[in-house]
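Subject: Structure handover

Hello,

Here is the structure for your files. My notes on the contacts, the cores and the charged pairs follow below it.

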Amino acid sequence: MTKQLTEAEVVARYGRPSQRGDYLSPVVLPFPLRVAWAPKTLVRSLRCHHLETGRLAAIFADILAHYGPTRIRELGIDLFGGCFSYRRMALHNAWSRHAW
């Protein structure tokens, strides 16, 4: 199991969170995602921290290779609820991991 990084470790690796999100880079998805609250709306790319774009692209490629488009939809793996969100964690003063 991977150790959960402390906020200081995350800041050391990724920098301080920024509302502008100037550290974000696009990832083109190998299959569309459906917005969970508006499933007719499709997401074909998303943005994540530029240090993680390759890893995120590989994860989605592996999902497609393993399940295929039909099974992805049947399982709801294609439902999208968001990615970057510049905010603090609920009930804590620490930054949400979504802020990076």
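Leaving aside residues up to four places away in sequence, V35 touches T41, V43 and F80. Please keep in mind that this is a predicted model.

V35, V43 and F80 also belong to the largest nonpolar core, which has twelve residues. Its other members are V27, L29, F31, L33, L46, C48, L56, F60 and I72. Three elements, β1, β2 (38-49) and α2, each supply at least two residues of this core. The largest share comes from β1, with five residues. There is also a second, separate core of six residues, and V10, W95, A99 and W100 are among them.

Now the charged side chains. Side chains of opposite charge can pair when their charged atoms come close. With a cut-off of 4 Å between a side-chain nitrogen of Lys or Arg and a carboxyl oxygen of Asp or Glu, the count comes to six salt bridges.

One of the salt bridges joins the side chains of R34 and D78, at 2.7 Å from N to O. This pair links distant parts of the chain, with the two positions 44 residues apart in numbering. R34 lies in strand β1 (residues 24-35), while D78 sits in the loop between α2 (53-75) and β3 (79-80). Are R34 and D78 buried or exposed? Both are buried.

R71 and E74 form another salt bridge, and their closest N and O atoms are 3.0 Å apart. Both residues are in helix α2, and because they are three residues apart there, about one helical turn separates them. R71 counts as partly exposed, since its relative accessibility is 40%. E74 has a relative accessible area of 54% and is therefore exposed, the limit for that class being over 50%.

A salt bridge also connects the side chains of K3 and E9, again given from N to O, at 3.0 Å. K3 has 53% relative accessibility, so it counts as exposed. E9, with a relative accessible area of 32%, is partly exposed.

Finally, R13, E52 and R55 are linked in a network of salt bridges.

If you look at one pair on screen, the R34 and D78 salt bridge is the one that links distant parts of the chain, with both residues buried.

Regards

How values were computed. Residues numbered from 1 in each chain as written. Predicted model: local features only at pLDDT ≥ 70, side-chain atom pairs only at ≥ 80, totals over all residues. Heavy atoms only, no water. Buried < 20%, exposed > 50% of the residue type's maximum accessible area, 1.4 Å probe, protein only. Helix = DSSP H or I, 4+ residues; strand = E, 2+ residues; numbered from the N terminus. Core = buried A, V, L, I, M, F, W, Y, C linked by side-chain atoms within 4.5 Å. Contact = heavy atoms within 4.5 Å.
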